[in-house]
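Please look over chain B of this model. A short report on selected helices, a surface patch and one enclosed residue is wanted.

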Amino acid sequence: MKKIIIADDEHKILMSLEYSFKKNGYDVYIARDGTEVLEFLKAMIPDVILLDIMMPNLDGYSTLDIIKQDKKLKDTKVIFLSAKNNPRDIEKGLEMGADAFVTKPYSIKKLMQQIEEMFE
Amino acid sequence: MMSSFALFIVVLIYLALLFLVAHLAEKKKSKVWINNPYIYALSLAVYCTAWTYYGSIGVAATSGLNYLPIYIGPIMVIPAWIYINTRIVRISRVNKISSLADFISLRYGNSRSFSAIITIVCLLAIVPYIGLQIKAISETFHLVTKTAMSQNILTDNATFVVILIALFSSYYGTKYVDASEKRLGIISAIALESFLKLFFIIILGLFVIYYAFDGFSDIYEKASKFEDFKQKNIFNGIEGAMNWMVLCLISGTAICILPRQFHTAIIENRQEKHIKTAIWFFPLYLLIFTIFIFPIAWGGRLIFAGQNVNPEFYSILIPQHFDNTLITVLVFLGGLSSCISMIIISAITLSIMLSNNLIIPYGLLGKFKSENEIQNTRNITNIRKFSIFALIIMAFGFYKYFILKTSLDSVGLISFVVIGQLAPAFFGALFWRRGTYKGAVIGLLAGLAICYFGLIIPQYYFSYNQELKGALREIYNAFDFFSISFLSKIPQIFFWSMLVNTALFAMISVSVKGNYRERNFAELYVDIDKYIQNHENAFIWRGTAYVSDIKNILERFLGKNKTEQALRIFNLKYNIDSQTETADSRFIKFSENLLAGRIGTASAKILIEGVTKEDKISLKEVLNILEESKENITLNKKLTEKSEELKQLSDDLKNANESLIIKDRQKDDFLDSVAHELRTPITAIRSAGEILADDDDIPLDIKREFLNNIITESDRLSEIINDILYLDKLEHGEITLNIKQNNIIETYKKALNPLMHLIQQKDIHISEVNLLNQFLYEYDEARMIQLFQNILGNALKFTDDQGTIQTKLSEKENQLIITIFNTGKHIPEEDLEMIFDKFYQSKNQNILKPTGSGLGLAISKKIVQAQGGTIRAENSGLGVTFTITLSKK
């Protein structure tokens with residue numbers, strides 16, 4: 001079973017993502033900000049991390065920065081999931097090493113497909 | 001009593017002190033010395049010589065109020081200095097003028113002969129005046145030491161004092177070869193002396209009033225018993241008043257054109273603004289001086305009633321009478337100061353005139369042309385050194401042979417009258433374009449003739465013969481016709497000489513066609529403010545001249561380096577190619593100026609003329625060119641103004657552009673934030689919708705939850721949209737306020753109640769402190785409720801569970817002050833102002849997720865502002881306080 005961490009501070013967004021990924025056979029871990037993601041990473045190596053950018057305490061960019069320094073996580077796919085959609089922000093996210101940058105609002109179905117393709 | 005030797009030692013120490021001050025000032029050149037308006041103002045008090053120091057006491061005792069005009073005249077004229085002297089300073093600076101003779105003669109065509117005549121007039125007027133100072137030094141020296149005057153000058157101590165002064169002056173007075181340079185050392189010493197002489201006369205005055213007598217009224221009471229007291233202290237009718245007035249005129253003129261006054265006021269002026277200080281400080285100085293004349297004079301008469309003593313020396317005799325050696329010596333030193341400063345400055349100014357306007361132009365120019373800079377500099381300095389020394393010795397001789405028996409007062413006044421003859425040409429130079437060389441010279445000579453015939457010959461003739469006899473008597477009798485019965489001798493001669501002088505000057509000037517050069521300088525003098533920037537442009541000259549020839553001359557006086565440096569500056573100023581071979585009028589004037597300080601304006605002109613070939617220009621042509629150049633200058637000024645305007649405009653545009661760019665970026669940021677805020681609920685709605693649409697076997701409770709999400713997020717969406725539109729309306733003032741009298745406590749409760757369940761949920765302790773005396777205020781209640789809810793809602797979001805929110809209402813200076821404190825975490829200091837900006841986090845916190853939409857505080861601020869109040873946030877102790885101030889209507 002693939003493990004996924006979903007980080008977002010919007011409860012209602014998390015709800016639908018959690019429901020859909022569970023339904024598609026993922027082992028889902030919910031984080032409310034970057035620090036919680038890092039907490040999970042101490043204990044496990046996920047296959048996918050979905051990161052919002054604007055979050056309290058530790059934002060998405062900083063979280064990715066820390067993830068990239070950890071060699072254990074080199075096979076983990078990181079996908080930004082953000083309402084920020086201007087080219088500057090997207091470019092920045094990809095340059096930092098994110099595997100994809102998906103802007104809100106998104107189609108859960110397409111997001112799922114995109115992730116499946118990454119593992120093929 | 002003091003022995004001659006002891007007093008001589010005191011004099012030596014005193015002179016050493018002056019040397020030291022001069023030396024220190026010269027060496028340090030610190031700002032305190034250079035930019036001190038008081039040193040400038042004090043140096044002007046070189047006006048108060050032995051004549052004022054001793055002489056006016058004699059006048060007060062013997063002829064009453066006539067001692068006043070020499071103070072009153074200057075006090076009346078000095079306020080005009082702010083206008084007159086400012087202009088003279090500018091003219092002198094622009095033309096490198098270093099003496100009175102240069103100033104007057106340059107205006108009348110830069111004439112060598114005129115400057116020589118002025119020099120001679122000054123010499124004739126001032127040398128006896130210097131003699132007068134020497135007489136005062138010598139007599140007071142003998143008075144203090146109670147020794148007899150020695151007929152043998154070699155054994156007379158006073159002789160040595162004079163020689164010391166002569167050495168001091170010639171050493172310090174010729175420090176600079178350029179005579180228009182400022183002499184810091186000398187001026188500082190003079191200022192110190194001016195201070196000391198005033199200080200000493202104050203000491204003496206107090207001594208007389210409070211030690212010798214029982215206060216001022218005591219002197220007055222006792223003195224009023226003298227038979228002549230009343231008559232001496234009133235104006236004797238129209239007659240006395242007329243005399244008095246003319247005397248004021250004489251001294252008022254003298255304060256402007258005595259060479260030593262011209263030097264301290266004009267040549268040594270460092271900053272025009274110093275004149276502003278001088279015009280109140282110097283009259284004050286004179287007033288203080290005057291106050292003590294009366295008690296000393298009448299105190300002296302009371303003490304020495306019936307004794308045969310010279311009232312001019314009461315100031316020394318009084319302390320001596322009381323056996324007070326200290327005050328006697330101090331008074332003597334004060335008198336010495338008066339004399340020395342006058343001697344030094346007069347000798348320096350006369351030596352500059354003597355060298356620049358007489359010796360050099362009439363004897364040494366040829367020699368200068370063939371020698372190098374070092375030799376020339378040495379020669380010029382030596383001529384001046386020798387002149388200073390010679391002048392003082394000449395004055396000494398004059399004193400020994402001509403003025404032994406006369407009073408200080410008459411010699412001083414005669415000098416004033418003679419110098420006064422320069423007044424028409426001097427003031428004409430400043431204000432009258434039409435004045436000509438011929439008019440000025442003929443007027444001056446005629447005035448002088450009257451002075452000599454009317455004053456000098458009788459004055460000095462009497463030194464030898466007790467009465468006029470024979471042919472001379474007959475000539476004088478023939479002129480008796482002119483005597484004015486109600487004026488005494490000196491005012492009378494002043495009146496006639498000035499009348500004839502001025503009349504001739506005016507009549508000849510208007511009837512003789514002027515020379516083009518004098519007309520050129522007339523424009524430059526009268527319109528100095530117009531030409532101050534580019535005076536070289538206003539100098540008219542046409543002919544053939546080569547830069548190399550002129551450069552050659554300059555090098556002989558300035559040396560190679562300084563010449564090249566000066567040329568570089570000139571070329572830069574007028575944007576001239578350094579390879580240019582021919583010289584234009586600007587270069588001629590520039591070069592003349594470079595030389596003028598060293599050898600005087602007339603000699604400078606002669607030297608430059610020697611290597612150039614000038615074409616004759618008619619007066620008409622000159623006037624045309626001047627008109628043109630004036631137009632050019634006006635045009636130039638207009639252009640400058642225009643370009644300044646344009647620059648201002650372009651700066652404004654640049655600023656506007658910058659603020660537009662900032663506004664544009666703010667707009668982008670705002671749209672970005674709005675989009676971001678909107679996308680979040682949309683995402684939630686879309687996701688929920690997608691799941692509901694695609695997933696058929698979704699459990700019922702989850703289905704309900706997703707549907708609920710769609711509803712609440714839609715509400716949130718519309719709330720954001722409403723907030724944005726509302727804020728926009730507030731910003732554009734589209735919402736009209738409904739201001740009425742309301743109870744503020746009730747309004748607050750109305751705002752608080754709907755929030756109570758949230759507060760209870762978080763277990764937050766909420767309290768109110770009410771310090772108001774009354775509760776009715778005028779405001780829009782609905783907005784106020786909204787404001788309270790925004791601030792309280794904000795507080796709620798940031799306050800942890802079981803925290804505290806406290807609201808305090810108070811009144812101060814007609815203002816309603818509401819503070820809402822919460823125990824939430826501190827706002828970063830740099831953000832305290834910005835939290836009231838809409839989506840303020842978009843700038844500083846564009847990554848960390850904010851709590852709230854970011855519009856609440858912006859709306860709150862607009863609401864407060866609309867009602868004329870203010871709102872601010874500050875970190876206080878454990879939390880954050882918002883303070884709302886509303887002015888009470």
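The report below covers helices, a nonpolar patch and a buried residue.

This is a predicted model: local features need pLDDT of at least 70, side-chain atom pairs count only at pLDDT 80 or more, and totals for chains, interfaces and linings use all residues. Residues are numbered from 1 along each chain as written, chains are lettered from A and ligands numbered from 1 in written order, and side-chain values use heavy atoms, without hydrogens and water.

**Two residues**

Helices here are DSSP runs (H or I, at least four residues), numbered from the N terminus. Buried means under 20% relative accessible area, exposed over 50%, partly exposed in between (1.4 Å probe, protein chains only).

| Residue | Helix | Relative accessibility | Class |
|---|---|---|---|
| Asn357(B) | H18 of chain B | 0% | buried |
| Ile393(B) | H19 of chain B | 34% | partly exposed |

H18 of chain B spans residues 325-370. Beyond four places in sequence, Asn357(B) is in contact (heavy atoms within 4.5 Å) with residues including Ser99(B), Asp102(B), Arg112(B) and Tyr362(B).

**The nonpolar patch**

Ile393(B) joins Phe160(B), Ile163(B), Leu167(B) and Phe389(B) in a nonpolar surface patch of about 380 Å². Nonpolar patch members have over 30% relative accessible area and no salt bridge, with side chains joined within 5 Å. Helices H9 (157-172) and H19 (373-401) of chain B each supply at least two patch residues. H9(B) gives the largest share, three residues.

**Helix H10**

H10 of chain B (184-212) has 29 residues. From first C-alpha to last it reaches 41 Å, close to the 42 Å expected at 1.5 Å a residue. Of those 29 residues, 21 are buried, so H10(B) is largely enclosed by the rest of the structure.

How values were computed
Patches are made of residues with over 30% relative accessible area and no salt bridge: like charges are joined within 9 Å, nonpolar side chains (Val, Leu, Ile, Met, Phe, Trp, Tyr) within 5 Å. Accessible areas come from the Shrake-Rupley method with a 1.4 Å probe; for residues, only the protein chains shown count as cover. A salt bridge is a side-chain nitrogen of Lys or Arg within 4 Å of a carboxyl oxygen of Asp or Glu. The expected span of a helix is 1.5 Å times one less than its number of residues.
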